[in-house]
Structures are given as structure tokens and as C-alpha cells.
Amino acid sequence: MNEKNFITIALPKGKLFGLSAELLKKIGWTAEGLHEKSRKLIITNEAAQLKFIITKTADVPTYVEYGAADIGIIGKDVIVESGKDVYELLDLGFGKCHLMMAVPKDKKRPRLEDYAHTRVATKFPRIAESFFAAQGMQMEYIKLNGSIELAPIIGMSESIVDIVETGTTLRENNLEEIVTIMNATARLIANRVSYKLKFDRINALVNNLEKILAQENFLC
């Protein structure tokens with residue numbers, strides 16, 4: 001088979017995977033065994049000249065930037081935090097969430113500026129630092145990969161910056177959101193070189209996805 005004719009798609013494990021695979025299936029971009037629990041690193045549909053890479057969420061922009069994948073689907077928050085040089089093609093509209101700052105309810109301070117020079121725990125230090133710098137605030141950042149809500153409870157930090165969908169986890173841990181930093185949805189991204197070399201197929205993909213997304217309530 002001619003590898004040059006294939007399109008390689010990076011899909012994230014987790015919440016976005018199912019909706020991403022479902023959306024691509026609507027336009028015939030799928031492969032046998034394409035599911036998140038697959039043990040295969042690469043799943044191929046030779047007839048359609050497609051390859052799928054299922055990877056950790058944070059790695060999708062890296063695979064795309066370095067050309068290991070031609071395109072990928074990932075949240076806007078991950079794109080911004082990664083700082084990778086990728087081409088954002090389409091807002092897919094699903095996976096809606098927002099990045100925010102939250103603090104323990106019983107330790108809430110009157111103004112945002114009152115948290116200057118305190119510690120903030122987050123999975124998103126790049127975004128957090130950019131936000132607080134714009135507010136003229138210097139902060140100490142503690143990078144964590146999971147259970148962010150635990151940090152202020154045990155006194156590791158005064159606040160957190162994290163993604164929120166429903167706010168249930170915050171409420172269960174007596175945390176209160178005090179400021180929204182950015183909104184995020186799933187995006188279709190492309191490697192800049194691939195977009196030029198494989199423009200016809202990738203552009204057709206974008207056009208077909210736009211038609212599907214315009215249908216009544218799909219993935220909304």
C-alpha cells in the first residue's frame with residue numbers, strides 16, 4: 001500500500017473519543033475495531049486509506065504537529081495548553097466545558113487580586129500563567145495530573161485552575177468557581193504540511209463534517 005495516500009487521524013482516549021468516532025463514522029471515516037478499549041496502537045482501514053491512532057488526550061497535538069498524524073480531534077483547552085503549532089480547521093461543537101479558577105468556599109476572598117502570590121494547582125499551567133499575568137498577578141503554580149480538587153483541601157494550594165463541565169465535583173468538594181478563564185469545545189486540527197499536501201481529502205472532510213454538524217441537534 002502507498003502510505004502517502006493514507007490519512008492518519010489521532011483520536012483522544014476518554015470523553016471525546018466516542019463522539020469523535022461517531023461523527024467520523026457519519027461520513028464513512030471508520031475502521032473495524034475502532035473503539036477506545038482496543039489494544040492496537042494503530043487501526044487501519046486499507047480500503048478507505050485511513051489510519052487511526054488512539055492516544056492520550058494531551059498527546060494529540062504533539063502527534064499532529066510532528067506529522068505522525070495528519071489530523072486530530074482534541075479540546076481547545078488542550079490545544080492552547082500544549083502550545084503546539086497546528087492548524088485549527090473546525091469547531092466541532094461538542095465536548096463543551098470551561099476552564100475556571102475555584103477556591104474553598106470557607107476561604108473565599110473578596111477580590112480576584114487578593115489571591116496574588118498564592119499557590120494554584122492545575123493541569124494547565126501555561127493557560128493559568130497567561131491568565132493571571134494578564135491580571136497583573138504573580139502566582140506559584142503546582143502542576144498536577146489528577147485529583148486537582150484535593151490540593152486546596154489538604155492545604156497544598158489556595159486555589160485550582162481546572163476544566164468544569166457540570167460543576168458537580170466542585171460542589172462535592174466544597175469548592176466555588178470564582179472566575180471563568182476560557183470556554184472550550186472539541187476542534188479538528190491538522191498538521192500544516194499535511195494540510196497542503198493532502199488538501200483535497202482534508203478539505204472534503206471539513207466540508208462533509210460541516211454538513212453533518214448543521215443537521216438538527218447532532219452532537220449538540
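**Exercise 1. What share of the contacts in the chain with a separation of 6 or more comes from residues 24 or more positions apart?**

Step 1. Fix the term: contact means heavy atoms within 4.5 Å.
Step 2. Read the share: residues 24 or more positions apart account for 67% of these contacts.
Step 3. Note the source. The model is predicted, so local features need pLDDT of at least 70 and side-chain atom pairs pLDDT 80 or more, while totals for chains, interfaces and linings use all residues. Residues are numbered from 1 along each chain as its sequence is written, and side-chain values use heavy atoms, without hydrogens and water.

**Exercise 2. Lay out the open sheet.**

Step 1. Count the elements: the chain has eight helices and 11 strands. These are DSSP runs numbered from the N terminus (helices H or I, at least four residues; strands E, at least two).
Step 2. Order the six strands: β2-β3-β1-β4-β11-β5, with mixed pairing. Two strands pair if DSSP finds at least two bridges between them.
Step 3. Find the edges. β2 (42-45) and β5 (87-91) each pair on one side only.
Step 4. Take the twist: neighbouring strands are turned by 25 degrees against each other on average, direction ignored. Axes are lines fitted to C-alpha atoms, for helices over the stretch in contact; angles run from 0 to 180 degrees between N-to-C directions.
Step 5. Inspect one pair. β5 and β11 (residues 186-190) run antiparallel, joined by four bridges. Here Tyr-87 stands opposite Ala-190 in β11.

**Exercise 3. Place two helices against the strands.**

Step 1. Start with α1 (residues 15-26), which packs on the sheet. It touches β1 (7-12), β3 (50-55), β4 (71-75) and β11.
Step 2. Add its direction: about 145 degrees to that of β1.
Step 3. Turn to α8 (residues 199-214). This helix lies across β1, β3, β4, β5 and β11. It runs at about 25 degrees to β5.

**Exercise 4. Describe the setting of Thr-30.**

Step 1. Locate Thr-30: the loop between α1 and β2.
Step 2. Classify it. Its relative accessible area is 25%, so Thr-30 is partly exposed. Buried means under 20%, exposed over 50%, partly exposed in between (1.4 Å probe, protein chains only).
Step 3. List its contacts beyond neighbours within four places in sequence: Lys-25, Asn-45, Leu-50 and Phe-52.
Step 4. Set a far point. Arg-119 is 89 residues away along the chain, and the two C-alpha atoms are separated by 45 Å.

**Exercise 5. Characterise the whole chain.**

Step 1. Span: the C-alpha trace covers about 60 × 35 × 30 Å along its principal axes.
Step 2. Burial: 47% of the 220 residues are buried.
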